Amino acid sequence: MPLKTDAVWEGMAGSTYQVGREKIKEYANALGIDNPVHHDVEAARAAGFRDVVAPPMFAVVYSSPAMAPAILDPEVELNFAAMVHGGQEFAWDEPACSGDEITTSTRCLSIEEKDGKGFYVFETNSVNQDGAQVARGTWTLIVRGV
Amino acid sequence: MRMALNEGEQIPELRVTPDKYLPHRYAGASGDFNPIHIDDEFAKMVGLPRNILHGLYSMGLVAKANAAIADGDPRALKRLSVQMRGMGVPEQEIVVTGTVKSSDGGRVVVDTVAAQGETALIKNAEAELEV
């Protein structure tokens with residue numbers, strides 16, 4: 001079956017993630033990041049943050065829920081079982097802090113076939129409750145054997 | 001203390017050996033419970049040597065290694081772009097190394113690699129920092 005390359009996925013209204021102190025701490029602990037600004041509210045405030053601040057790659061936690069519907073959408077026809085995560089980019093603006101409500105929208109940038117593989121590129125755009133840009137993600141998913 | 005980094009200089013090397021249960025903790029922290037990361041039997045059934053590390057965990061280590069040049073300040077990292085290549089496994093040391101590609105005013109671009117032995121997990125990683 002030829003790779004379906006014409007899917008245009010403009011996303012839905014977006015998914016909203018509520019950032020919390022314990023989740024930031026759990027993420028920081030998994031990565032062995034011990035900077036107190038990720039663990040302690042006083043340390044975070046002393047460093048100029050409104051609350052415990054997330055490490056940049058916490059972007060995965062608040063933005064990936066918005067990727068699932070894009071990957072699983074029947075219109076996109078992505079073979080999830082043969083998928084590998086081939087590349088990732090994030091660009092950060094406003095830091096994500098505990099108490100933030102971050103809304104992420106997703107769109108499909110391109111679907112291409114190359115060397116028998118399907119390359120799916122999605123973009124996530126995350127903004128906080130004040131409308132400030134928090135992070136933009138570019139996700140390259142590779143499907144083998146198309 | 002922030003480091004003054006010039007083109008061609010190395011960032012401090014980061015060495016981490018993820019323990020057997022790290023993929024489970026990362027799965028919980030990230031919400032990615034794909035069984036190839038947390039179920040050794042399932043991973044072998046689909047042709048992998050064993051349960052493998054999350055690529056985004058390795059990318060997280062690359063982010064951590066780069067943040068270190070700004071004393072861990074989470075505001076410093078402005079952009080990180082990576083390619084995920086070899087499969088990472090638990091219980092084997094990961095070494096993250098980086099070389100400053102350009103340093104212009106407070107804007108530093110670092111080429112970073114994360115590897116386990118001869119296997120590159122993260123390649124062509126480019127980090128852009130404001131320091």
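**Exercise 1. In this predicted model, work out which residues of α1(A) are buried and how they sit around the helix.**

Step 1: Go along α1(A) and pick out the residues that have 20 or more other C-beta atoms within 10 Å of their own. You should end up with K23(A), I24(A), Y27(A), A28(A), A30(A) and L31(A) as the buried set.

Step 2: Now look down the axis of α1(A). The buried residues fit within an arc of 160°, so they line one face of the helix. The spacing is no accident: an α-helix has 3.6 residues a turn, so residues three or four places apart point the same way.

Step 3: Ask what that face meets. The buried residues of α1(A) pack against α3 of chain A, and also against α1 (22-30) and α4 (55-67) of chain B.

Step 4: Check what happens once the helix is over. Just after α1(A) comes G32(A), with a positive phi of about 70°.

**Exercise 2. Describe the contact of chains A and B, starting with how many residues each chain puts in.**

Step 1: Count both sides. Chain A gives 24 residues to the contact, and chain B gives 25.

Step 2: Sort the chain A side by element. At least two residues each come from α1 (21-31), α3 (59-63) and β2 (83-92) of chain A. The largest share belongs to β2(A), with eight residues.

Step 3: Sort that side of chain A again, this time by residue type. You get 15 nonpolar residues, seven polar ones and two charged ones.

Step 4: Follow β2(A) across to the other chain. Its pairing with β2 (residues 77-84) of chain B is antiparallel and runs over five bridges. For one specific pair, take A91(A), whose bridge partner in β2(B) is R79(B).

**Exercise 3. Trace how β3, β4 and β5 of chain B pair, and find the glycines with positive phi in the hairpins.**

Step 1: Start with β3 (residues 94-104) and β4 (residues 107-116) of chain B, which pair in the antiparallel sense over nine bridges. Here S103(B) stands opposite V108(B) in β4(B).

Step 2: Look at the turn. This hairpin of β3(B) and β4(B) has two residues between the strands, and G105(B) takes a positive phi near 60°.

Step 3: Move on to β5 (residues 119-130) of chain B. β4(B) pairs with β5(B) in the antiparallel sense, over nine bridges. Among the pairs, Q116(B) has T119(B) as its bridge partner in β5(B).

Step 4: Finish at the hairpin of β4(B) and β5(B). It has two residues between the strands, and G117(B) has a positive phi near 60°.

Methods. Residues are numbered from 1 along each chain as its sequence is written. Chains are lettered from A and ligands numbered from 1 in the order in which they are written. This is a predicted model: local features need pLDDT of at least 70, side-chain atom pairs count only at pLDDT 80 or more; totals for chains, interfaces and linings use all residues. Two residues are in contact if their C-beta atoms, placed from the backbone, lie within 7 Å. Helices (H or I, at least four residues) and strands (E, at least two) are DSSP runs, numbered from the N terminus. Ala, Val, Leu, Ile, Met, Phe, Trp, Tyr, Cys and Pro count as nonpolar, Asp, Glu, Lys and Arg as charged, and the others, Gly among them, as polar. Two strands pair if DSSP finds at least two bridges between them. A residue is buried if 20 or more other C-beta atoms lie within 10 Å of its own, exposed if 12 or fewer, and partly exposed in between; C-beta atoms are placed from the backbone. The arc is that of the directions from the helix axis to the C-beta atoms.
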